[in-house]
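Me: Please take a close look at one residue of this model and the part it sits in. Then work outward from there, and say how far the prediction can be trusted.

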Amino acid sequence: MGEIVINSLGDVFAVNNVLVILISVFAGFIFGALPGLTATMGVALMLPITYGMPPTLAMMALLGMYCGGTYGGSISAILIRTPGTPASAATVMDGYALAEQGKASDALRMSLFASVFAGIFSALALLFIAPQLSKFALEFGPAEFFALAVFGLTMIASISSDNLRKGVVMGIFGMFVSTIGIDPIGGLSRFSFGSDELIGGVNLIPALIGLFAISEIINKSQTAHLRSNEKVSHLEKAASSLKNFMKHFKTILKSSAIGTFIGSIPGTGPAIASFLSYNEAKRSSKNKEQYGKGSMDGIAAAEAGNNGVTGATLIPLLTLGIPGDTVTAVMLGALMMQGLAPGPQLFQTSADMMYTIMFGLILVNIMMLLQGFFAVKFFAKIKNIPVNMLLPSLLILCFIGAFAVNNTVFDAKIMLLFGLIGYIAPKFGFPVTPMLLGIVLGPIAETSFRRALSVSRGDWMVFVTEPISLVFLLLSLISISFPLLKSIFRRKN
Amino acid sequence: MKKTMRSFVVLLSFLFILAACGSNSDENATGNSNGGGEDSVDYPTQPIEIIVPWAAGGSSDQTARALAEAMSSNINQDVTVTNREGAGGTIATAEVAQTQPDAHTILLDAVGVFTTQPHLKNVQYSIDDFKAISGLTYEPIVLAVNADSPWDSLDDLITEKKSDTQISYGHSGAGGLPDLAQAAFFNQAGINAESIAYDGQNPAVSALLGGHVDTIAAHPGSIMQHVDSGDIKILGVFSPERFEKLPDVPTFKEKGYSIDMSVWKFLLVSQETSDEVKNKLTSIVNDAMASDQFQQFLKDANLTEQSLSGEEVIERLKKNKSQHGKIIENMGLSAE
């Protein structure tokens, strides 16, 4: 055992590993940052390249791309109000507000620190408690998934603080959008109006690009012809990063744990983790008003949340051979092509490989910190690009991104439609983030609800007799009623 | 926008470097080894694209990529793989059927796209839109239960007919073959059972491991590891022959249930393709499938080769279509 660990450590630090990580993390930054190109897509594109590599090298390349891409999403979320990946949607609100205040570098750095800390946290969880976590994750049946989704949906309350009613409307609208396409339980098509393309459903990525990027491009372009007198570049000097980091340490630690927990459950994903972390950070924060208007804590929470997922998604993959999301499904493919079948046997048959992957994940995060530290300075300069150059280029990237999801123009049309929604809705006070939440959580809530009732033969008690489910439902109840009760109390006093 | 441009260039060059790291010494191309009269056909004149109607990383995608690699080392053109997922494979299939591209576009498809999907919904294609090149792979479907389950054999499960227990069975999606296979069995055995659809095979396997469903039907390739680790028991095989790695597990046919379901995959081209080009392509594919490289892949990925000629593929698809249609009708899922 000890020998294996030492050998693996030696393997990880081989020169070509380090080199491949360097390259793939950087490629990940770019994939994550470009709207429409996600970490998932990057990993899928990387896959054929890794087929010819030795197993360790192949996994390092994929992990570098995955972690880099998950962090990279926050770069564009902060700088241009466009989450590069769905997982960074929670970062947009505070990140962009900070960037507008000239604190782009600070925000980027906070996101980097939080991401790296959470990444290492979850790699350690993978190293030490993977079997226990995977056992717990298996406990998540339909009832538990439903309760988790409901808990997630209560976040609509905290991300649409100005007008709860309008937030709920958008959330429900998002859930409606997610019902388009083939009914995941019955297999019949819904709201597809006979269109082949709609049978496939509305893809999350084009919807995301539309809601955030396209709408922002329209907004910005309305004033692009005005020469603003204020200097475009008002980048403040970054405050001492370490001190900043320590100030938010508690949030980061908590969010890393949430991310790791969510990541270990197959079928969840980084978007849910970052929203849950954000919600929890806001709930426990003393300055709630700050959230959404440029809170460092908010960025730290959201980014630690989504990067906490990175190591944890490998837990079900490596211990059970079950990929929890698309990225790990691609990694499963990569391991299979290398002749390694992930699963309960892998720890016995290729323990060295397992440890190499785990240490590799830690190394990936360390490299990410180093590279990110320099890249942040470079990325922050995007703020200096004149809008009349930035917008058309962004628009092109958006189209490429939407098209690339499935190589179809239909997705680009979907993107435009959602761009219109994202542009018009906020003008009437309807926030778009709850809609995204609805699109992400709607399918989980619906399918698990129906599955739970099928398994229980229509017995509704299943949601409260399962302990984990009960806990989440109670948490949801508290999270909804607490603000209400508080305001009632305040009125009485 | 110099920066983005520059980063694109940087990214591209990085990917090339990575690709260079990746390519082994597989470049000992054997040149044009397919002699004979087919050389008169001018094909391929440009890169060949294999369209996979499912996501990257899945078993279809892996098969396509392994085949592409094996093919491109025998011909002077590149062979690329494009993933075009959606709606159970029907979107990509409909697209090829409607655009009728030339033989440089090959479609990889699985049996269900032609045998179950047309019964479940209106689709914009039929077998007649295509010519088949050859069969590709074959994966049996097995019935599995959790190790803690009271049933140790198919006979144990069949006796549940007398009790009034209701069984919940999980599968990779409504109308898919694992769903149909179990529905047909529980129906024929007279067992009261409820279908629980999951989003793909993996979630169904984790539901079985977590004890959330009583049985699942799945491909043995990916659950054998759980059988080896003692977490899952396999009770029966939905094919006419036993599965070679589990010689003690009976088939449903042996137990008196006439169910024959397995997933097999094949390659198609537009029906406008001329016979000469089709024959040339068939020989390229056959050479690739016979290569050591591809055979090694099949072994690693737990897949079995399905050697069928193009005509046999079409014939079998038509036969399967009517069989599957009957079961779907019995289940009340039929769109017609």
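Reply:
**One residue and its surroundings**

Phe399(A) is partly exposed, with 19 other C-beta atoms within 10 Å. Being buried takes 20 or more such atoms and being exposed takes 12 or fewer, so the count of 19 for Phe399(A) puts this residue in between. The model is a predicted one, and every value below is computed from it.

Phe399(A) belongs to helix 20 of chain A. This helix covers residues 387-406, and it packs against helix 21 of chain A, residues 409-427. The two axes are 7 Å apart and meet at an angle of about 130 degrees. Because of that angle, helix 20 of chain A counts as oblique to helix 21 of chain A. The crossing of helix 20 of chain A with helix 21 of chain A is right-handed. Phe399(A) is itself one of the contact residues on helix 20 of chain A, along with Cys398(A), Ala402(A), Phe403(A), Val405(A) and Asn406(A). From helix 21 of chain A, the contact takes in Val409(A), Asp411(A), Ala412(A) and Met415(A). As a point of reference elsewhere in the chain, Ala33(A) is 366 residues away from Phe399(A) in sequence, and their C-alpha atoms are separated by 15 Å.

The setting for this helix pair is a chain with 24 helices and two strands. For the 493 residues of chain A, a compact globule would have a radius of gyration near 23 Å, and the 22 Å of chain A agrees with that. The C-alpha trace of chain A spans about 60 × 60 × 55 Å along its principal axes. Of the residues of chain A, 60% count as buried. Among contacts in chain A with a separation of 6 or more, 78% join residues 24 or more positions apart.

One backbone detail in chain A is Arg81(A), which is not a glycine but has a positive phi, near 60 degrees. Arg81(A) sits in the loop between helix 4 (55-80) and helix 5 (89-100) of chain A. Despite its place in a loop, Arg81(A) counts as buried, because it has 21 C-beta neighbours inside 10 Å.

Chain A also touches chain B, in a contact that takes 56 residues from chain A and 57 residues from chain B. Among the elements that give two or more residues to the chain B side are helix 1 (2-22), helix 2 (59-72), helix 3 (90-99) and strand 7 (193-197) of chain B. Helix 1 of chain B supplies the largest share of that side, 10 residues.

Helix 3 of chain B has eight of its 10 residues buried, so the rest of the structure largely encloses it. The buried ones run through Thr90(B), Ile91(B), Ala92(B), Thr93(B), Ala94(B), Glu95(B), Val96(B) and Ala97(B). Their packing partners include helix 10 (196-199) of chain A, as well as strand 1 (48-52) and strand 3 (105-110) of chain B. Just after helix 3 of chain B comes Gln100(B), with a positive phi of about 45 degrees. Gln100(B) lies in the loop between helix 3 and strand 3 of chain B, and it counts as partly exposed because it has 14 C-beta neighbours inside 10 Å. Another backbone detail in chain B is the cis peptide bond from Tyr43(B) to Pro44(B), with omega near -5 degrees. Pro44(B) is in the loop between helix 1 and strand 1 of chain B.

As for trust, the model scores ipTM 0.81 and pTM 0.81. Chain A averages a pLDDT of 84, and 95% of its residues score at least 70. Residues 229-234 of chain A stay under 50. Chain B has a mean pLDDT of 80, with 85% of its residues at 70 or more. Within chain B, confidence is highest in strand 5 (residues 142-146), at 93, and lowest in helix 1, at a mean of 51. Over residues 19-38 of chain B the pLDDT is below 50, although the model gives this stretch 20 contacts beyond near neighbours in sequence. Where pLDDT is low, the predicted coordinates should not be read in detail. Helix 1 of chain B, with its mean of 51, is also the element that gives the largest share of the chain B side of the contact.

Methods: Residues are numbered from 1 along each chain as its sequence is written. Chains are lettered from A and ligands numbered from 1 in the order in which they are written. This is a predicted model: local features need pLDDT of at least 70, side-chain atom pairs count only at pLDDT 80 or more; totals for chains, interfaces and linings use all residues. pLDDT is the predictor's confidence in each residue, from 0 to 100. Two residues are in contact if their C-beta atoms, placed from the backbone, lie within 7 Å. Helices (H or I, at least four residues) and strands (E, at least two) are DSSP runs, numbered from the N terminus. The radius of gyration is taken over C-alpha atoms; the globule rule is 2.2 Å times the number of residues to the power 0.38. Axes are lines fitted to C-alpha atoms, for helices over the stretch in contact, and angles run from 0 to 180 degrees between N-to-C directions. Angles under 35 degrees count as roughly parallel, over 145 as roughly antiparallel, 65 to 115 as roughly perpendicular and the rest as oblique. A crossing is left-handed if the near helix is turned anticlockwise from the far one by less than a right angle, and right-handed if clockwise.
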